[in-house]
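Biologist: I am new to reading protein structures. Could we go through one together, feature by feature?

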Amino acid sequence: MFSYVALAWDPKADRALGAARRLVGSLETDPRWRVALHRPGLAVFSAGERPNINQAYALAGERGAILGKLFRRDGTALPPRHFADSPGESDAIAHTEGGQLVARYWGRYVAFIETDGGRFYVLRDPSGALPCFQMHYDGVDI
């Protein structure tokens, strides 16, 4: 089964940083989880990836990660490195706070995108096919 966990915290807040380190450390040592993105203040992990079914797509320049399955508007599937190899496409998604992702692609996904202003956005596909739950723990948004 495909699963994902994202952790977001203020890297300048000692309590949140300590909790994030503990949580990230436990995920990194569990062989089921794979790092999709790890930046100051944001870590995204996935488990149960299956190529051409559910996978992580990294945005170029570590601007974010998209988890799930994406298709171009013409219905063709994207290769796993599509965004990593397309910095212009990654920048367009970041500049529009994910708007270009919705306009140019479809599928079941959850995206974690860093905008030009350094803010992170979470964007779930309009169908809501992948569950997305949120909780807060010791200064960390999970």
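Modeller: We will look at a helix, two loop residues, a strand residue and a pocket, in a model that is predicted.

Biologist: Let's begin with the helix. Which span should the 15 residues of helix H1 have?

Modeller: Each residue should add 1.5 Å, so H1 (residues 14-28) is expected to span 21 Å. Its end C-alpha atoms are 21 Å apart, which agrees.

Biologist: Which residues of H1 are buried?

Modeller: They are Ala-16, Ala-19, Ala-20, Val-24 and Leu-27. Looking down the axis of H1, you find these buried residues within an arc of 130°, so they line one face of the helix. On the other side of H1 are the exposed residues Asp-14, Arg-15 and Arg-21.

Biologist: What covers the buried residues of H1?

Modeller: The cover includes strands E1 (3-9), E2 (34-39) and E3 (42-47), along with E8 (136-137) and E9 (140-141).

Biologist: Next, the backbone angles. What sign does phi have in most residues other than glycine?

Modeller: In most of them phi is negative. Here, Glu-62 has a positive phi of about 55° although it is not a glycine. You can find Glu-62 in the loop between strand E4 (55-58) and strand E5 (64-72). Its relative accessibility is 48%, so Glu-62 counts as partly exposed.

Biologist: And where does Glu-97 lie?

Modeller: Glu-97 is in the loop between helix H2 (87-95) and helix H3 (99-104). Its phi is also positive, near 55°, and Glu-97 is partly exposed, with a relative accessible area of 43%.

Biologist: Now a residue in a strand. What is Leu-123 in contact with, leaving aside its neighbours within four places in sequence?

Modeller: Leu-123 lies in strand E7 (residues 120-124). Its contacts are Gly-98, Leu-101, Val-102, Tyr-109, Val-110, Ala-111 and Ile-113.

Biologist: Last, the pocket. What shows where empty space is left?

Modeller: The idea is to roll a probe the size of a water molecule over the atoms. In this model, the largest pocket has a volume of about 550 Å³. Its lining has 22 residues, and Ala-6, Phe-112, Cys-132, Phe-133 and Ile-142 lie nearest its centre. The elements that give two or more residues to this lining are E1, strand E6 (105-114) and E7.

Biologist: Which element gives the most to that lining?

Modeller: That is E1, with six residues. By type, the lining of the largest pocket divides into 18 nonpolar residues, three polar and one charged.

Key
Residues numbered from 1 in each chain as written. Predicted model: local features only at pLDDT ≥ 70, side-chain atom pairs only at ≥ 80, totals over all residues. Heavy atoms only, no water. Helix = DSSP H or I, 4+ residues; strand = E, 2+ residues; numbered from the N terminus. Expected span 1.5 Å × (residues − 1). Buried < 20%, exposed > 50% of the residue type's maximum accessible area, 1.4 Å probe, protein only. Arc of directions from axis to C-beta. Contact = heavy atoms within 4.5 Å. 1 Å grid on protein atoms, 1.4 Å probe; cavity = no way out; pocket = protein on both sides within 12 Å on 5 of 7 lines; lining within 4 Å. Points joined across faces, edges and corners; volume = space filled by probe spheres on them. Nonpolar A, V, L, I, M, F, W, Y, C, P; charged D, E, K, R; others polar.
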